[in-house]
Amino acid sequence: MSVFQHDDFDGHEQVAFFKDDDTGLRAIIAVHNTNLGPALGGVRMWPYASDQEALRDVLRLSRGMTYKSALAGLAFGGGKSVIIGDPRKDKSEALMRAMGRSVEKLAGRYIAAEDSGTSVEDIRQMGTQTEHVVGIANKCTRNGEARSGDPSPVTARGVFVGLEAAVRHRLGRGDLDGTKVAVQGVGNVGQRLVEYLRDAGARCWVTDIHAERVAQVADETGATPVGAEDVFGLDVDVFAPCALGAVLNSETIPTLRARIVAGAANNQLECRAHGELLMREGILYAPDYVINAGGVIDVAFERTGYDLEKVVTKVNGIAVSLSEIFERSDAEQRPTSEVADDLARERFMIDMAA
Ligand code: NAD
């Protein structure tokens, strides 16, 4: 199948293919839209079964980044890159430097950050070849400690304020005291989210495929461990997916007892129709790319000069955007996922010829 006829080709501005025989690099960089600014997005390394699978992923992910940055109010467009290979076996410093040279060829139209299969150190290696990388600077936290470029803590903060907004809208509660939340996946983001929730007086149930993570988080936060399959049917107020994509589908949605879904995972809806199904089931869905925008906000500010106060203000804006989406969804009786897409398009589909 050609790129132009591909189901996921959405008027992408540029799709570039890179191959470097010396290092084994095979990569695709997709720039979806730069109307609002240079395309910002992570570098994903994954053992794709075929080039087609890699192409599909990069086209979809880059498009999603345009919507995410637009709704987060950032002066950035959407892009993404994929490296075809197993990060545990095929990654080397030379390969990451070759990837850096590939990014350099786009001359700043694409700015790279870490993603699944790449680390802050990998992006640092790329940064020896190009200045068009983010997520590697040491930043200052509120209490003055330095932290690495990892955006997860800021993503978790954004999910927390978004979850508060959803609880306010659907349950009419001014705070989270006593609110019951099931968190699926207690990795970098999920664990921080549980800490924020605990501090706000919420009660948490946690699950993960790694039993030791569950035990550690339960021990440190007082959350209750549950089995991976049991997390959907729990009698809680909020289901917070913080593990993997496509968890909201025809099988899981009817089993949910939570009235709200608000979590960090990307691409939570298995397909577009599941946004409609959630609405019909009376479940308020906080669209994933709106509520998990804290990370992109964090790395975006590295480009413009990192300012913690401005980052916090922007991250708090996630709650404002979500409230607008919830209200418009109620008024128009349309799924929140579709309302979010409309709002994002209103922001980035500006007439460049005008
Ligand atoms: P992570 O890999 O640190 O954590 C994910 C956790 O989910 C892991 O502990 C893993 O064991 C667990 N998990 C995997 N499959 C599971 C399953 N079936 N049931 C229960 N647990 C399962 O990743 P992260 O950085 O915490 O990100 C979490 C999600 O949020 C991902 O979908 C990611 O794409 C998305 N996201 C992350 C950021 C960020 O800043 N890190 C930003 C935006 C979106």
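**Entry 1: strand 8**

I began with strand 8, where four of the five residues are buried, so the strand is largely enclosed by the rest of the structure. A reminder to myself before going further: this is a predicted model.

Next I followed the chain onward from there. It leaves strand 8, passes through helix 5 (residues 188-199) and arrives at strand 9, and this β-α-β crossover is right-handed.

Which strands does strand 8 pair with? On one hand I found strand 9 (residues 203-207), joined to strand 8 (residues 180-184) by five bridges, with the two running parallel. I looked up some of the facing residues too. Lys180 stands opposite Arg203, and Val181 has Cys204 as its bridge partner in strand 9.

On the other hand there is strand 11 (residues 238-241), which is joined to strand 8 by four bridges and also runs parallel to it. Here I noted Val183, which stands opposite Ala240 of strand 11.

**Entry 2: the whole sheet**

Then I stepped back to see the sheet that strand 8 belongs to. How many strands form it, and in what order? I counted six, in the order 10-9-8-11-12-13, making an open sheet with parallel pairing. At the edges I found strand 10 (224-225) and strand 13 (284-285); each has a single partner strand, so one side of each is left without a neighbour in the sheet.

**Entry 3: the ligand**

Now to the ligand. Which residues are closest to it? It is surrounded by 19 residues, and the closest are Thr155, Asn188, Val189, Asp208 and Asn266. Two of these names fit what I had already written down: helix 5 covers residues 188-199, and that is the stretch where Asn188 and Val189 sit.

I looked up a few individual distances as well:

- Asp208 has an N or O atom in its side chain 2.6 Å from an oxygen atom of the ligand.
- Val189 has a polar backbone atom 2.8 Å from an oxygen atom of the ligand.
- Ile209 has a backbone N or O atom 3.5 Å from a nitrogen atom of the ligand.

**Entry 4: aromatic rings**

I turned to the rings next. My search of the whole structure gave five aromatic pairs. I picked one of them, Tyr67 with Tyr289: the ring centres are 6.1 Å apart and the planes stand at 75°, so I put this pair down as edge-to-face.

Where do the two tyrosines lie? Tyr67 is in helix 1 (residues 51-71) and Tyr289 in helix 8 (residues 288-291), so the pair ties together parts that are 222 residues apart in sequence.

I also asked whether they are buried or exposed. Tyr67 is buried at 3% relative accessibility, and Tyr289 is buried as well, at 11%. Phe348 belongs in this picture too, as it forms one aromatic cluster with Tyr67 and Tyr289.

One more ring caught my eye, this time with a charge over it. The charged end of Arg157 sits over the ring of Tyr196, 4.7 Å from the centre of that ring.

**Entry 5: two residues in strands 2 and 3**

I looked up His32, which has its place in strand 2 (residues 25-33). At 3% relative accessibility, His32 is buried. What does its side chain touch? I found a polar contact of 2.7 Å with the side chain of Asp10.

Arg44 came next, in strand 3 (residues 39-46). Its relative accessible area is 16%, so Arg44 counts as buried, the cut-off being 20%. I also set Arg44 against Gly85: they are 41 residues apart in sequence, and their C-alpha atoms are 9.8 Å apart in space.

**Entry 6: positive phi angles**

Last, I checked some backbone angles in loops. Asn267 has a phi near 50°, a positive value in a residue other than glycine. I found Asn267 in the loop between strand 12 (260-261) and helix 7 (273-280).

Gln333 is no glycine either, and its phi is positive at about 50°. Where is Gln333? In the loop between helix 10 (308-332) and helix 11 (336-348). With 57% relative accessibility, Gln333 counts as exposed.

Notes: Residues numbered from 1 in each chain as written. Predicted model: local features only at pLDDT ≥ 70, side-chain atom pairs only at ≥ 80, totals over all residues. Heavy atoms only, no water. Pairing = 2+ DSSP bridges. Phe/Tyr/Trp six-rings, centres within 6.5 Å; stacked < 30°, edge-to-face > 60°. Buried < 20%, exposed > 50% of the residue type's maximum accessible area, 1.4 Å probe, protein only. Lys NZ or Arg CZ within 6 Å of the ring centre and 35° of its normal. Right-handed = clockwise from strand over helix to strand, strands pointing away. Near = heavy atom within 4 Å. Polar contact = N/O pair within 3.5 Å; in protein donor to acceptor, adjacent residues only side chain to side chain.
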